[in-house]
Amino acid sequence: VVIYGSKFRYFLSDARYKEQAKEEVKGFSVKIFKNKVEEIISLAEKDTRVVTELQRMLYTVDESLRWRTIEILGKVSERVADKRPDIISKLLYRLLYSTSDSAASAWGAIEAAATIISYRPDIFADYVRSLFSFFLDKELHRELTWAIGRIAGKKPELVRYAFSTLCSFLKAEDPVLRGYAVWALGEMKNKEAIKEIKALENDNHFIRIYKDGEVKEETISQLVKEATAKLEGCL
């Protein structure tokens, strides 16, 4: 690959140019830091190895970078799926497998899978059932609750069967799980949750949550107000 600005010309027969292409894929992490989403998407459409590299970047200890990578992975998957849905299906399989494999690190895997599904529910809705299966593992309840909320924000009917489970999480000892449940129920737009959510309107525990494109620190009571406003808008 020879680079002229953001344009690429392919010389696949030349090993030297192949090596340059490989280095370009490895170096795109800089674009993530600079939030150059369109450049990453454009590169991914030409070289599907970008998808694998994004998955590897989920293992970063930098929380903000991991969430940014998750979001970009969703946007990349949305575009790549138009021509190569098989590539994204394999990615979803790897993400879910890493979650089920106790010997593997699954940082961000569930959140990434949910984000991909939320961008293309028309293609990947069937993977929601696989996400639900992880509710048997209590250690994953935070991640799964956020995942349900993410999908609900785009297509709430896909996750309606999680409603009762999320309502039960409102009484959890873990404030993060309670807060995630409040947010997710608001995204589900099921007005039946209003009364149960309002029971936490004086819960002043602070939690960190990724929503609206950034990691935010809010009290559960703030999340209750936001969720209630969304649900009352459904009445």
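The legends below accompany several close-up views of a predicted model.

Local features are described where pLDDT is at least 70 and side-chain atom pairs where pLDDT is 80 or more, while totals for chains, interfaces and linings use all residues. Residues are numbered from 1 along each chain as its sequence is written, and side-chain values use heavy atoms, with hydrogens and water left out.

**View 1. The whole chain is built from 14 helices and 4 strands.** Helices (H or I, at least four residues) and strands (E, at least two) are DSSP runs, numbered from the N terminus. Of the 235 residues, 49% are buried; here buried means under 20% relative accessible area, exposed over 50%, and partly exposed in between (1.4 Å probe, protein chains only). The chain exposes about 12,400 Å², and carbon and sulfur atoms supply 50% of that area. Such areas come from the Shrake-Rupley method with a 1.4 Å probe, and for residues only the protein chains shown count as cover. Take contacts (heavy atoms within 4.5 Å) between residues at least 6 apart in sequence: 60% of them join residues at least 24 apart.

**View 2. Confidence varies along the chain, with strand 1 and helix 12 at the two ends of the scale.** The score here is pLDDT, the predictor's confidence in each residue, from 0 to 100. It averages 87 over the chain, and 83% of the residues score at least 70. Among the elements, strand 1 (residues 2-4) has the lowest mean, 40, and helix 12 (residues 175-188) the highest, 98. Please look at residues 1-18 with some care: their pLDDT stays under 50, and the model has 22 contacts beyond four places in sequence for them.

**View 3. Y59, V61 and W107 make a nonpolar surface patch of about 350 Å².** Patches are made of residues with over 30% relative accessible area and no salt bridge; like charges are joined within 9 Å, and nonpolar side chains (Val, Leu, Ile, Met, Phe, Trp, Tyr) within 5 Å. V61 belongs to the loop between helix 4 (49-56) and helix 5 (63-83), and V61 is exposed, at 71% relative accessible area. M57 lies in the loop between helix 4 and helix 5 too, but M57 counts as buried at 16% relative accessibility. The C-alpha atoms of M57 and I32 are 9.9 Å apart in space, with their positions 25 residues apart in sequence.

**View 4. A salt bridge joins D82 to R120.** The term stands for a side-chain nitrogen of Lys or Arg within 4 Å of a carboxyl oxygen of Asp or Glu, and the whole structure has 18 of them. In the D82 and R120 pair, the closest N and O atoms are 2.8 Å apart. This pair links distant parts of the chain, 38 residues apart: D82 is in helix 5, and R120 is in the loop between helix 7 (109-119) and helix 8 (121-124). D82 is exposed at 53% relative accessible area, whereas R120 is buried at 12%.

**View 5. D203 and R178 meet in a salt bridge.** The N to O distance is 2.9 Å. The two residues are 25 apart and again link distant parts of the chain, with D203 in the loop between helix 13 (194-198) and strand 3 (206-211) and R178 in helix 12. Both ends are covered: D203 is buried at 11% relative accessible area, and R178 is buried at 9%.

**View 6. E157 and K155 form a salt bridge, with their closest N and O atoms 3.4 Å apart.** E157 is partly exposed, with a relative accessible area of 39%. K155 is partly exposed as well, at 33%.

**View 7. Strand 3 and strand 4 form an antiparallel hairpin.** Two strands pair if DSSP finds at least two bridges between them; here 6 bridges join strand 3 to strand 4 (residues 214-219). One to look for pairs I209 with K216 in strand 4. K216 also belongs to a network of salt bridges with K211, D212, E218 and E226. The hairpin has 2 residues between the strands, and D212, in this loop, is exposed at 62% relative accessibility.

**View 8. D212 and K189 have positive phi values.** Most residues other than glycine have a negative phi. D212 has a phi of about 55°, and K189 has one near 60°. K189 sits in the loop between helix 12 and helix 13, where K189 counts as partly exposed at 40% relative accessibility.
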